[in-house]
Amino acid sequence: MRETVRRRLAAWWEVNARDLPWRFGRTTPWGVLVSEVMSQQTQMSRVVPYWTEWMRTWPDAAALAAASAAEVITAWGRLGYPRRALRLQECARAVAQRYDDELPDDYETLLSLPGVGDYTASAVSSFAFGRRVPVIDTNIRRVLSRVLLGVESRGGAATRTERDLAADALPSDVAESVVWNQSVMELGAVVCTAKKPSCEICPIAGLCAFLAAGRPGLGERRTRPRQRFQGTDRQVRGIVLDALRRRRTGSDASASGLPRDEVEALWKDHAQLDACIASLDDDGLIDILPDGSLTLPR
DNA sequence: TTCCCGAGAT
DNA sequence: ATCTCCGGAA
């Protein structure tokens, strides 16, 4: 049964895998790690152009380690969650210094790197190094839960049940385990999507417990109610950082920072603006100069 | 509104 | 276990 699922997904993967530039051995393990970090909570379609330009600029960890924070934050552009960019650079420095610019290949060591959590450590270990490791992301949780258990996965952190399921379902053959991880994840991203799964074109529809059960609970809210974006600190931080990025790339290149009055014009609520500036400073995403003007970090 | 190949702090 | 980090698009 599961063997049939595995075989059909592997065949489907051969034909339908998206041709992403970091797949099929066309980049280094470091390139795979960069793609995984950029992909955290971000759609692939948005990642591809950023990844391509990023890897052209900084082909390996040592190159990224030597860049300035301002360059890194600017190159991150509008990918979102810019702290990822700083952590990726911290990661690059750790790899360059501790591991002689060679990315470690085991889960535990990868997990110890900045910006690398459970998902990224297992994904890099599996996809870049061909290790047999269960990968658990939102897609794999959803697909395995639907196909094998017939129920929707819940939002939030992965449950013990889901971890056990992913470990149990992983093919014992090493090469097959890598294709399994990639094909299950890809199916979740392209076919077995959260809101409108395309069961009519799914290669394992006939084997799916969720479809057989009438897709119970499809479309129910799985995650906790999201914080509205308008008016949040996230929006304000984004506005401030975008202003600094655009100023840096503009012809009005800054030996000095963005003047205080121009900063205050970015957002009406100055209490919130000040709090956001303080948090950006805490995160190391901006520098506050003595005159109160702002710049990207040196 | 929800989701997107999550991580880190509390 | 829950919260906060961006931004784009369905």
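How far does a backbone N or O atom of glycine 117 lie from a phosphate oxygen of DNA strand B? The distance is 3.0 Å, and View 2 sets this pair in context.

The model is predicted; local features need pLDDT of at least 70, side-chain atom pairs count only at pLDDT 80 or more, and totals for chains, interfaces and linings use all residues. Residues are numbered from 1 along each chain as its sequence is written, chains are lettered from A and ligands numbered from 1 in the order in which they are written, and side-chain values use heavy atoms, with hydrogens and water left out.

**View 1. Domains of chain A.** Chain A is divided into domain 1 (1-17 + 135-226), domain 2 (29-127) and domain 3 (233-295), with bounds from an automatic or database domain assignment. The C-alpha centres of domain 1 and domain 3 lie 43 Å apart.

**View 2. Backbone and side-chain contacts to DNA strand B.** Glycine 115 has a polar backbone atom 2.4 Å from a phosphate oxygen of the strand. For threonine 138, a polar side-chain atom is 3.5 Å from a phosphate oxygen of DNA strand B. Two or more residues of the surface near the strand come from each of α2 (29-39), α8 (118-127), α9 (138-149) and α11 (174-190); helices are DSSP runs of H or I with at least four residues, numbered from the N terminus.

**View 3. Surroundings of DNA strand B.** Of the 31 residues around the strand, Arg23, Gly115, Tyr119, Thr120 and Arg228 come nearest; a residue is near if one of its heavy atoms lies within 4 Å. Sugar or phosphate accounts for 66% of the strand's atoms within 4 Å of the protein, and bases for the rest.

**View 4. Helix α15 (residues 270-282).** The end C-alpha atoms are 18 Å apart, in agreement with the 18 Å that 13 residues should span at 1.5 Å a residue (1.5 Å times one less than the number of residues). Gln272, Leu273, Cys276, Ile277 and Leu280 are buried (under 20% relative accessible area, with exposed over 50% and partly exposed in between; 1.4 Å probe, protein chains only). The buried residues of α15 fall within an arc of 135° seen down the axis, so they line one face; the arc is taken from the directions from the helix axis to the C-beta atoms. Ala271 and Asp282, on the other side, are exposed.

**View 5. Loop between α6 (83-98) and α7 (107-111).** Aspartate 100, in this loop, has a positive phi of about 55° although it is not a glycine, and is exposed at 65% relative accessible area.

Terms used. A polar contact is a pair of N or O atoms within 3.5 Å; within protein, one must be able to donate a hydrogen and the other to accept it, and residues adjacent in sequence count only if both atoms are side-chain atoms.
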